[in-house]
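Reader: I would like a close look at a single part of this model, the beginning of the chain, and at how that part relates to the remainder. Please take it step by step, and say how far the model can be trusted as you go.

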Amino acid sequence: MIILSKLADYGVIVATHLATHPDRQATAAAVAVATRLPQATVAKLLKALAHAGLVVATRGAAGGYRLARAATEISVAEVVAAIDGDIGMTQCSVHVDDCERTTYCPTRPHWAAINRAVGTALAAVTLDDMISPFAFLPAAAPRADAVPETAST
């Protein structure tokens with residue numbers, strides 16, 4: 001089973017929450033309440049997202065966090081990478097020096113292709129997609145009884 005870290009999952013939740021109100025700034029406390037995540041965790045995630053340039057922070061009484069770019073321009077892959085680092089399905093695909101089998105492992109080259117495929121899939125999903133209830137519904141097939149439109153002359 002392939003599982004993202006809990007922090008990466010929570011990072012997507014936090015970023016998606018900010019995407020639902022792009023015109024407002026939200027404090028870490030407000031995001032924690034809205035997402036039902038621990039405030040310390042939300043603060044840690046917001047710092048990581050800010051460090052990656054995905055959110056911007058404003059200090060002061062009216063301060064808070066908001067997305068640095070439009071939700072259509074931020075991918076889930078960017079959020080996951082901001083929290084977990086490089087996307088890798090196996091330990092050796094990210095930490096090459098940690099594996100003593102690197103020089104003779106027959107599967108290692110194939111993991112790179114798998115990592116690219118997963119990264120591409122996550123990069124294809126934006127925060128805007130994550131807040132849309134219809135983003136992943138299959139396209140409706142044409143009805144059999146539908147009359148095709150014809151050009152009028």
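Author: I3 has a relative accessibility of 62%, and because a residue counts as exposed when that value is over 50%, I3 belongs in the exposed class. This residue lies in the segment before helix 1, and although I3 and M89 are 86 residues apart in sequence, their C-alpha atoms are 9.2 Å apart in space. The model is a predicted one, with a mean pLDDT of 85 for the protein chain and 80% of its residues at 70 or more. Confidence is highest in helix 3, at a mean of 97, and lowest in helix 5 (residues 91–94), where the mean is 64. Where pLDDT is low, the predicted coordinates should not be read in detail.

From I3 the chain goes on to helix 1, which runs over residues 6–20. A check on its geometry is simple: at 1.5 Å a residue, the 15 residues of this helix should span 21 Å, and the C-alpha atoms at its ends are indeed 21 Å apart, so the expected and the modelled values agree. The helix is one of seven in the protein chain, which also has two strands, and the order of elements from the N terminus on is α-α-α-β-β-α-α-α-α.

Which residues of helix 1 are buried? They are A8, G11, V12, V14, A15, T16, H17, L18 and A19. For comparison with the chain as a whole, 27% of its 153 residues count as buried. The buried residues of helix 1 pack against helix 2, helix 3, strand 1 (55–58), strand 2, helix 4 and helix 7 (127–131). L18 gives a detailed view of this packing: once its neighbours within four places in sequence are set aside, L18 is in contact with A26, V31, L46, V55, Y65 and L67.

L18 also has a place in the largest nonpolar core, a group of 27 residues in which V14, L18, V42, L49, L67, V79 and L127 touch the most other members. Two or more residues of this core come from each of helix 1, helix 2 (28–35), helix 3 (39–51), strand 2 (64–67) and helix 4 (76–84). With six residues, helix 1 is the element that gives the most to the core. In soluble globular proteins, nonpolar side chains tend to be buried together.

Two of the partners of L18 lead on to the strands, since V55 falls within the range of strand 1 and Y65 within that of strand 2. Strand 1 and strand 2 pair in the antiparallel sense over four bridges, with A57 standing opposite Y65 and T58 opposite G64. Together the two strands form a hairpin with five residues between them, and in the turn G60 has a positive phi of about 110°. Ahead of the hairpin, in the loop between helix 3 and strand 1, is G53, which at a relative accessible area of 36% is partly exposed, because that class lies between 20% and 50%. Residues up to four places away in sequence aside, G53 touches A68 and R69, while its C-alpha atom is 8.9 Å from that of A82, 29 residues away along the chain.

The loops joining the other elements of the core can be read in a similar way. R36 is placed in the loop between helix 2 and helix 3, and its phi is near 60°, a positive value in a residue other than glycine. Most residues other than glycine have a negative phi. R36 counts as exposed because its relative accessibility is 78%. S75, in the loop between strand 2 and helix 4, has a relative accessibility of 7% and therefore counts as buried. Beyond residues up to four places away in sequence, S75 touches L122, A123, V125 and T126.

These links across the sequence have a counterpart in the chain as a whole. Among its contacts between residues at least 6 apart in sequence, 61% join residues at least 24 apart. The outer side can be put in figures too: the accessible surface of the protein chain comes to about 10,400 Å², and 58% of that area belongs to carbon and sulfur atoms.

Methods: Residues are numbered from 1 along each chain as its sequence is written. Side-chain values use heavy atoms; hydrogens and water are left out. A nonpolar core is a set of buried Ala, Val, Leu, Ile, Met, Phe, Trp, Tyr and Cys residues joined through side-chain atoms within 4.5 Å. Buried means under 20% relative accessible area, exposed over 50%, partly exposed in between (1.4 Å probe, protein chains only). Contact means heavy atoms within 4.5 Å. The expected span of a helix is 1.5 Å times one less than its number of residues. Accessible areas come from the Shrake-Rupley method with a 1.4 Å probe; for residues, only the protein chains shown count as cover. pLDDT is the predictor's confidence in each residue, from 0 to 100. Two strands pair if DSSP finds at least two bridges between them.
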